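Trainee: I would like to learn how to read a model like this one, feature by feature. Could we go through it together?

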There are 2 protein chains.
Amino acid sequence: MSIRVPFAEMKETAKKAFLNMGLTEEQAETCATVHTESSADGVESHGMNRIPRFARYVQRGWVNIKGTPQLVGARGAAENYDGQRGIGITNALFSAARATELAKAHGIGLVAIRNTTHWMRGGTYAWKMAEAGFIGICWINTESCMPLWGSDVKSVGNNPFCIAIPREDGEIVVDMAMSQYAYGKLGVYRLAGKQLPYPGGFDKNGNLTSDPAAIEETMRVLPAGYWKGSSLAIALDLAAAAISGGFCGIDMDEEKKGSCTGCCQIYIAIDPYLFGEKGKTQEMFNRRVAAADAAHPIDPSHPVRCPGENTVERRRKSHSEGVVVDEAIWAQIKALAAGNMETEDIASH
Amino acid sequence: MSIRVPFAEMKETAKKAFLNMGLTEEQAETCATVHTESSADGVESHGMNRIPRFARYVQRGWVNIKGTPQLVGARGAAENYDGQRGIGITNALFSAARATELAKAHGIGLVAIRNTTHWMRGGTYAWKMAEAGFIGICWINTESCMPLWGSDVKSVGNNPFCIAIPREDGEIVVDMAMSQYAYGKLGVYRLAGKQLPYPGGFDKNGNLTSDPAAIEETMRVLPAGYWKGSSLAIALDLAAAAISGGFCGIDMDEEKKGSCTGCCQIYIAIDPYLFGEKGKTQEMFNRRVAAADAAHPIDPSHPVRCPGENTVERRRKSHSEGVVVDEAIWAQIKALAAGNMETEDIASH
C-alpha cells in the first residue's frame, strides 16, 4: 500500500536517517533532498526505496562516506576524477556541476569519474545540467545484470544513458536504462499482480513473456530494442571505463559488491547557445515540443507527452498533495531516522 | 536476386555514376568509396541501394553538389558549420575529421553542422572517428518518419545515434536508428516473403505485428524500446537543432523534401587516452569484448558478438568474394554509369 507524505516531512525524516548513517549535515541534507525529489518525480525505486540499501552499503564499507572526488587529471575541456567510492549522489552532483563549468569555458565540457558508487537516479544529473542551462548527457556503467543479445545469462550492465534539454518552459529529460524494464519495475508489477504492458524478458523456456515473476526467475531481462539496447550497453561500458580509466562491467562483477560499486560515469555538458540566440533556440524548443504533444494520439485520453513533461506534472502534485511512498518502505525510513539501522531488503533487486 | 560484384568493379562503376551526376573527380571518388564500403559492410540499404535516389536528389537540386561546409562559428572545443545542402557524405566526413582535430587539442571535440543532407550510413563517421583513434559519437535529425509513443501518425524522425570505440583489434561500433526496423529492412523482408523476427510496428487495427507489409501500410513503425526510442528521438532532434542552429524535424516536414534534406548533425570525438595509458586501455577493451563474446549463448551456433565484430567479418568476405548487391539495383548503377540518368525508386522507402 502506498501513502502520501508531505515533501518537507519526508525530506526531514530521510535526513535524520542519513545523519544516523554517519553522514555530515551537508551530505545528509543533499542526499535527503535528492532521494525525496526522486520519489516526488515518480522514481520511487531510486528515491525512498533505495535508502535502506544505501544504509547497508555504508555499514559494509562499500560506500565510503569520507570519500570525495580527487582530481586525477585535466586537459582542455576535460577533467578526470577518482570518486574514492564516496557517496554516489554527492560525487555525481560534483561531476555534473564541473561539466557545466567546463562547458562555460570551452563550449563543451567533459567530466569522467571513476571508482564511484551508485548515483541512484541518473536523470537527476541530466536535470541539473539542464537547469543550469546546458544540454546534459551522462551515463554510467554497472555490473552485469542483463543478458547480451544472443546470450541467456547476465553479461552486461543495463548502463543507463541520460540526455536533457534546457527548455525554460520545462526541461525535456530522457533517463533510460538499456533494459526494457528495471528489476524494480518487475517487482512493482509482480506485487500488484499485473502483467507488464509489453514483453520484458524471457521465461525459463526461452519465450518472450510479459509475466514479471517469470523474468525475475530467469534474470533474462530484455534489452530495450532487443539487439540495440544490448549493443549500446556494451559500447557505453567500454567508453566510460576508457575515458575515466576505471572499472569496466566485468571488473565490478569480479569484485561482487553489486549495485555500481566502483563504477565509472561520464558527464558531458554542451552550451546550447554556442552559435545561436537564446530566444530563438527556446522558441524552437517550444515549437518542436508543442508539435510533438499535438501529434494525433492513439487514445484521446492519453495525449502524447515529451519525456520530462509528465515528470514535472507529478512533481507539482507531490509538492501539493504529498509524495507517494510504499508504507513498508516508509516504516523502514522512519526506523532508520529513529536510529534502528537494521533493515531488510524489501524493495526488490 | 542478389549477386556478388568485386569491390573494385563496384567502386569504379559507382564512381562513373557519380561523375555523370556532375560530381568532381574527388567527390565521386569519395562517394563511390563510402557507398561501396557500406554495401561491403552489409549495409546495402545505404550503400548501392541509395545511389539512384541520390541521383534524383541532385537532379532536383535538393543536394547542392557545389556546397561545402562554411564555418559559422568556433568557440573553445566546438565548431559550427553550414553545410550549404552539399553532399551529405563529404560534409559528414569533413565534420567527423574536424571533431577529431578539436579533440586532439581539447580532449573532446564537438562539430555541429546544419543545413546538410543525408549522410547515408551514419556508422561511417563513427567508424572514421574510431579509426582515427577516438571514441566517436554522432547523430542526425530527420524529418518525421515514426510515430511518437502514444501517437498513431509519424511525428518524429528515427534520428540515428552512433557510438564507436577505437579498439585496435576491431572497432566496436553501434549505429542505431530509433525505430526498431528501418523502412528499407521492412522492404527486404516483404520482398523475401518473410515475417520480421520480432514485432516491428502496428497494423491497421493497432495491433503489434511482425508482418512487414502491414507496417509499411500504416507507417506505424515501432520505436526501439517502445517509449525509450521515441523519447531519445525527440531529445536528439532538439539537441541537434539547438547546437547547430538549424532545422528541427518539423522544419524538414514543412519543406517536404524528405530524406534529411536540410538536417543537422552532431559529431563528438573524445580522446580515450586522455587520462590513461593506451596499452592498458586497449587491454581493457580486449578483455571486456572477449568476456562479452564468451557469454553463454542461447544457441551455440550463434555465439555472442559485440557490435561491429560481425561487420568486420562481412567486410573481409566482401573483399575476398565480392560485394553483395541486388541485381535490379546493380542494373540501375550500371545505367547511371553509362549516362542513363533516369532511375525508378525500387529500393523502397
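Trainee: What distance separates the centres of domain 1 of chain A and domain 3 of chain A?

Mentor: In this predicted model, the centres of domain 1 and domain 3 of chain A, taken over C-alpha atoms, are separated by 27 Å. The assignment behind that figure divides chain A into domain 1 (2-60 + 319-337), domain 2 (70-179 + 225-270) and domain 3 (181-222).

Trainee: Turning to the two chains, what rotation superposes chain A on chain B?

Mentor: A rotation of 180°, with 0.0 Å of shift along its axis, places chain A on chain B with an RMSD of 0.0 Å, and the two copies are thus related as by a two-fold rotation axis. Within chain A, the C-alpha nearest that axis belongs to A:Gly225, which lies 2.1 Å from the axis. The same surface serves both copies, since 100% of the contact residues of chain A recur in chain B.

Trainee: How should I describe the contact itself, and how many residues does it take from chain A and from chain B?

Mentor: As a general idea, the size of an interface is often given as the accessible area lost when the parts come together. Here I can offer residue counts: the contact takes 65 residues from chain A and 65 residues from chain B. On the side of chain A that touches chain B, helix H8 (residues 227-244) of chain A gives the most, with 12 residues, and the residues of that side divide into 42 nonpolar, 18 polar and five charged.

Trainee: Within chain B, at what angle do helix H2 and H4(B) pack?

Mentor: Helix H2 (residues 25-40) of chain B and H4(B) pack at an angle of about 85°, their axes being 9 Å apart, and angles of 65 to 115 degrees count as roughly perpendicular, so H2(B) and H4(B) are roughly perpendicular to each other. H2(B) contributes B:Gln27, B:Thr30, B:Cys31 and B:Val34 to this contact, while H4(B) contributes B:Ile89, B:Thr90 and B:Leu93; these residues divide into four nonpolar, three polar and no charged.

Trainee: Is B:Gly83 buried or exposed?

Mentor: A residue is buried if 20 or more other C-beta atoms lie within 10 Å of its own, and B:Gly83 is buried because 28 other C-beta atoms lie within 10 Å. B:Gly83 sits in the loop between strand S3 (78-82) and helix H4 (88-106) of chain B, and, not counting residues up to four places away in sequence, B:Gly83 touches several residues, among them B:Gly67, B:Pro69, B:Asn91 and B:Ile113.

Trainee: What is the sign of phi in A:Gln84 and how should I read it?

Mentor: Most residues other than glycine have a negative phi. A:Gln84 is not a glycine, yet has a positive phi of about 50°, and A:Arg85, also a residue other than glycine, has a positive phi near 50°. A:Gln84 lies in the loop between strand S3 (78-82) and helix H4 (88-106) of chain A, and A:Arg85 is likewise found in the loop between S3 and H4 of chain A. With 17 C-beta neighbours inside 10 Å, A:Gln84 counts as partly exposed, whereas A:Arg85, with 22, counts as buried.

Trainee: And which residues is A:Arg305 in contact with?

Mentor: Leaving aside neighbours within four places in sequence, A:Arg305 is in contact with A:Asp293 and A:Asn310. A:Arg305 is in the loop between helix H10 (278-293) and helix H11 (309-321) of chain A, and counts as partly exposed, with 19 C-beta neighbours inside 10 Å.

Conventions
Residues are numbered from 1 along each chain as its sequence is written. Chains are lettered from A and ligands numbered from 1 in the order in which they are written. This is a predicted model: local features need pLDDT of at least 70, side-chain atom pairs count only at pLDDT 80 or more; totals for chains, interfaces and linings use all residues. Copies are superposed by least squares on the C-alpha atoms of residues with pLDDT of at least 70 in both. Two residues are in contact if their C-beta atoms, placed from the backbone, lie within 7 Å. Helices (H or I, at least four residues) and strands (E, at least two) are DSSP runs, numbered from the N terminus. A residue is buried if 20 or more other C-beta atoms lie within 10 Å of its own, exposed if 12 or fewer, and partly exposed in between; C-beta atoms are placed from the backbone. Ala, Val, Leu, Ile, Met, Phe, Trp, Tyr, Cys and Pro count as nonpolar, Asp, Glu, Lys and Arg as charged, and the others, Gly among them, as polar. Axes are lines fitted to C-alpha atoms, for helices over the stretch in contact, and angles run from 0 to 180 degrees between N-to-C directions. Angles under 35 degrees count as roughly parallel, over 145 as roughly antiparallel, 65 to 115 as roughly perpendicular and the rest as oblique. Domain bounds come from an automatic or database domain assignment.
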